[in-house]
Every structure is written in C-alpha cells, then in structure tokens.
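Open the model in your viewer and keep the selection panel to hand. The tour goes one stop at a time.

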Amino acid sequence: IITARSVVEVQLGMTVETARAALGGKAVVIDPPNQPFIIINALHIVRDRSDQKLMEFLVDDFLQPNISGNPIVTIRAMDRSLVTAEGVYPGMTIAEAAAIYGAPTLRKSAEEGFGGEWVSFPNAPAGLRFSVRGPQGGQAGLYPTGEFQSPRSVEGARIEAIEIGRTFLN
C-alpha cells in the first residue's frame, strides 16, 4: 500500500540499510554508482527478483560519503503492484484515477525539459503526488497555448509514478 509516509515496507526517514532489511528477500536495493553527479549518487533503485523496477528513492544530505546511513526523503513508486488504499497505481490512466479521486488538474513545468508533468485530484489522499505521461511518453495534458495547467488530458495518458516525501527531480 502507498501512503503519505510509506510504500509497502519502505518508510520515509528510514535509512537505506533499514529499507533493505525491511524488504527482506522480496526486492533488491541497488546502490547508486559512485559518480560525481550528486543526484545520481543519492538515487537508489529497488527491483524485484525478476528485475522489474518497483520504486526509486532519494536519501538526504547526498554530500555525505556514506549515503546508506542517511534518511530516505523521497519514495517514487513505479510498478503497478504498488497501489494506494483506493486502488490507484502507476500505469493507471488519468481517466480511471479520476473516477476514484475526482476531476483531474494537470500541470506542467514552465521550464522546458525540467520538472515534468503532474496531475492532482480533489479527493486524493494528502501527501501523494502523481507524475504523468502521455501515450508513447509524450505530454499528458491538453494545454491552451501559453498555459501550464489544464483539466483535460490526452486519451490514454497514464500515471507514471506515485511519489511521497520531498519533490523528486523529474
């Protein structure tokens, strides 16, 4: 279950090592490569035993050399097996989620190529953010020229991930 504080056994504030132990044999936490890119160094990927990407998480204070001991500040659920209490999951269409949470409002970043695209719903649980993608990875929203918000989405647009904690760099 995805809540405002956790995705399955992984909770905000846990260390990477605690998350590893909490997941047990159900999933593998892949440490980031040791590269000079701060964001990549803080990003951990969780895969199931069939190598399917389940989630990603970021840890706090990425400048510290031992990030495995730092707390998780963002969790991004990416697999359809990870659902909210109401049954919304990554991969669900925006229209299907709207039937559960109410009329959607899509927003895109004002900066081209930065920030991604998000949808909010009036009855979604507080603390959940939904990143979205259109069919074939394109834009999900139908935005009037010069606008960055819309109640309309492209047919087939889907929730790409459900995120909790600090905003993930998308």
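Which helix has the lowest mean pLDDT among the elements of the protein chain, and which the highest? Colour by pLDDT to see. Helix α2, residues 38-42, is lowest with a mean of 46. Helix α3 is highest, at 98. This is a predicted model, and its chain has a mean pLDDT of 83. Of the residues, 81% reach 70 or more.

**Stop 1: residues 35-41.** Select this stretch. Its pLDDT stays under 50. The model still gives it 13 contacts beyond four places in sequence. Where pLDDT is low, predicted coordinates should not be read in detail.

**Stop 2: the whole chain.** Switch to cartoon. Three helices and eleven strands appear. From the N terminus, the order is β-β-α-β-α-β-β-β-α-β-β-β-β-β. Now show the surface. The accessible area is about 8,800 Å², with 54% of that on carbon and sulfur atoms. Of the 170 residues, 40% are buried. Take the contacts between residues at least 6 apart in sequence: 52% of them join residues at least 24 apart.

**Stop 3: helix α1.** Select 16-23. Show the side chains of V16, A19 and L23, the buried residues of this helix. Why do they lie on the same side of α1? They cover an arc of only 60° around the axis. An α-helix has 3.6 residues a turn, so residues three or four places apart point the same way. Step on to G24, just after α1, where phi is positive at about 55°.

**Stop 4: the largest nonpolar core.** This core has 39 residues. Select F57, I75, F121 and F130, which have the most contacts inside it. Then add the elements that each supply at least two core residues: α1, β3 (27-30), β5 (53-59), β6 (72-77), α3 (94-101), β9 (129-133) and β11 (158-165). Nonpolar side chains tend to be buried together in soluble globular proteins.

**Stop 5: F121.** Centre on F121 and hide its neighbours within four places in sequence. The remaining contacts are I94, A97, A98, Y101, G102, A103, P104 and F130.

**Stop 6: the aromatic cluster.** Select Y101, F121 and F130, which form one cluster. The whole structure holds three aromatic pairs. One of them, Y101 with F130, is tilted, at 5.9 Å centre to centre and 55° between the planes. It links helix α3 to strand β9, with Y101 and F130 29 residues apart. Y101 is buried, at 1% relative accessible area. F130 is buried too, also at 1%. Now turn to F121 and F130. Their ring centres are 5.4 Å apart and their planes meet at 80°, so this pair is edge-to-face. F121 is buried as well.

Definitions and conventions. Residues are numbered from 1 along each chain as its sequence is written. Side-chain values use heavy atoms; hydrogens and water are left out. Helices (H or I, at least four residues) and strands (E, at least two) are DSSP runs, numbered from the N terminus. Buried means under 20% relative accessible area, exposed over 50%, partly exposed in between (1.4 Å probe, protein chains only). Contact means heavy atoms within 4.5 Å. Accessible areas come from the Shrake-Rupley method with a 1.4 Å probe; for residues, only the protein chains shown count as cover. A nonpolar core is a set of buried Ala, Val, Leu, Ile, Met, Phe, Trp, Tyr and Cys residues joined through side-chain atoms within 4.5 Å. The arc is that of the directions from the helix axis to the C-beta atoms. pLDDT is the predictor's confidence in each residue, from 0 to 100. Rings of Phe, Tyr and Trp (its six-membered ring) pair if their centres lie within 6.5 Å; planes under 30 degrees apart count as stacked, over 60 as edge-to-face and the rest as tilted.
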